[in-house]
Amino acid sequence: MTEPLTTGALASVGAPGSRRVGELVFLGVIAVFSAVALVMTGFIREPMGSSNILGARVVPYAVTGLMLLASLGAIIAVLRGDVGQPDEAEDIDTEARTSWKTVLMLVVSFASLMLVIPLLGWPAAVVVLFTGAALALGAARWWMALIIGAALGILTQLLFGTLLGLSLPPFGTVLPGVLGG
């Protein structure tokens, strides 16, 4: 049988302080990012003579505003003692430590986009990102991750770069010379 969910002051009695602090730090980071995104949304330029009634800022204002309200509401709930219960599932090892090697590999995979997109273009950057992330998360076959990454890179380039007309560089600065373009 499962234990009933306890909220409010009763939940905070049994909750370790570090878990409560961790939740507040996480929610604080979300609130700060939301506030920064809300301010930065004001800097989105709208084209002169645009016939769009809503404009380019409506959705970012709505999303970041709701995200800020949700994070502030969650902060208030945690301060009132409504903390989350730890996971108690068969497939979760609460004693396992963080694999910093995996975290570092994922960070490097995502950071590689800053270098690979300008040099080799969007499809190649997706290959590097997907393959790196798949290997970091334990992919058994590196060549399969490479093939799937190439398919995703080409598919997203075709869908978003060609069909939707988004600015995704297909080749970057190095590949046109290599490919004779």
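1. Start with the pairing of H5 and H6 (residues 142-163) in this predicted model. The two helices pack at an angle of about 145°, and their axes sit 7 Å apart. As for handedness, the crossing of H5 past H6 is right-handed.

2. Who makes that contact? On the H5 side you'll find Trp122, Pro123, Val126, Val127, Phe130, Thr131, Ala134 and Leu135. H6 answers with Trp142, Ala145, Leu146, Ile148, Gly149, Ala150, Leu152, Gly153, Ile154, Thr156 and Gln157. Sorted by class, the contact of H5 with H6 has 14 nonpolar and 5 polar residues, with no charged ones.

3. Phe130 is a handy residue to click on here. It lies in helix H5 and touches Ala145, Ile148, Gly149 and Leu152, leaving aside residues up to four places away in sequence. Its C-alpha atom and that of Ala150 are separated by 8.6 Å, with the two positions 20 residues apart along the chain. Is Phe130 buried or exposed? Neither label fits: Phe130 counts as partly exposed because its relative accessibility is 27%, and buried would need under 20%.

4. Now Pro170, which is found in the loop between H6 and helix H7 (175-178). Setting aside residues up to four places away in sequence, Pro170 touches Leu120, Gly121, Trp122, Pro123 and Gln157. Trp122, Pro123 and Gln157 also appear in the contact of H5 with H6, so if you're looking at that packing on screen, keep the loop residue Pro170 in view as well.

5. Two more values for Pro170. The C-alpha atoms of Pro170 and Ala125 are 9.9 Å apart, although the residues are 45 positions apart along the chain. At 39% relative accessibility, Pro170 counts as partly exposed, because that class runs between the 20% limit for buried and the 50% limit for exposed.

6. On to the nonpolar cores. The largest has 6 residues: Leu27, Ala31, Leu68, Ile75, Val78 and Val83. Helix H2 (17-41) and helix H3 (58-79) each supply at least two residues of this core, and H3 gives the largest share, 3 residues. Apart from this core lies another, of 5 residues, including Val116, Ala124, Ala125 and Leu129.

7. Which residues does Val78 touch? Not counting residues up to four places away in sequence, the list is Arg20, Glu23, Leu24, Leu27 and Val83. Leu27 and Val83 are members of the largest nonpolar core, as is Val78, while Arg20 and Glu23 belong to the charged class.

8. For the overall fold, the chain has 7 helices and 0 strands, and the pattern along the sequence reads α-α-α-α-α-α-α. Of the 181 residues in the chain, 21% are buried. Taking contacts between residues at least 6 apart in sequence, 65% join residues at least 24 apart.

9. How far does the predictor's confidence go? The mean pLDDT of the chain is 82, with 78% of residues at 70 or more. Confidence is highest in helix H5 (residues 122-136), at a mean of 95, and lowest in helix H1 (residues 9-14), at 46. Over residues 8-15 the pLDDT is below 50, and this stretch has 10 contacts in the model beyond near neighbours in sequence.

Key: Residues numbered from 1 in each chain as written. Predicted model: local features only at pLDDT ≥ 70, side-chain atom pairs only at ≥ 80, totals over all residues. Heavy atoms only, no water. pLDDT = per-residue confidence, 0-100. Helix = DSSP H or I, 4+ residues; strand = E, 2+ residues; numbered from the N terminus. Contact = heavy atoms within 4.5 Å. Axes fitted to C-alpha atoms, helices over the stretch in contact; angles between N-to-C directions. Left-handed = near helix turned anticlockwise from the far one by under 90°. Core = buried A, V, L, I, M, F, W, Y, C linked by side-chain atoms within 4.5 Å. Buried < 20%, exposed > 50% of the residue type's maximum accessible area, 1.4 Å probe, protein only.
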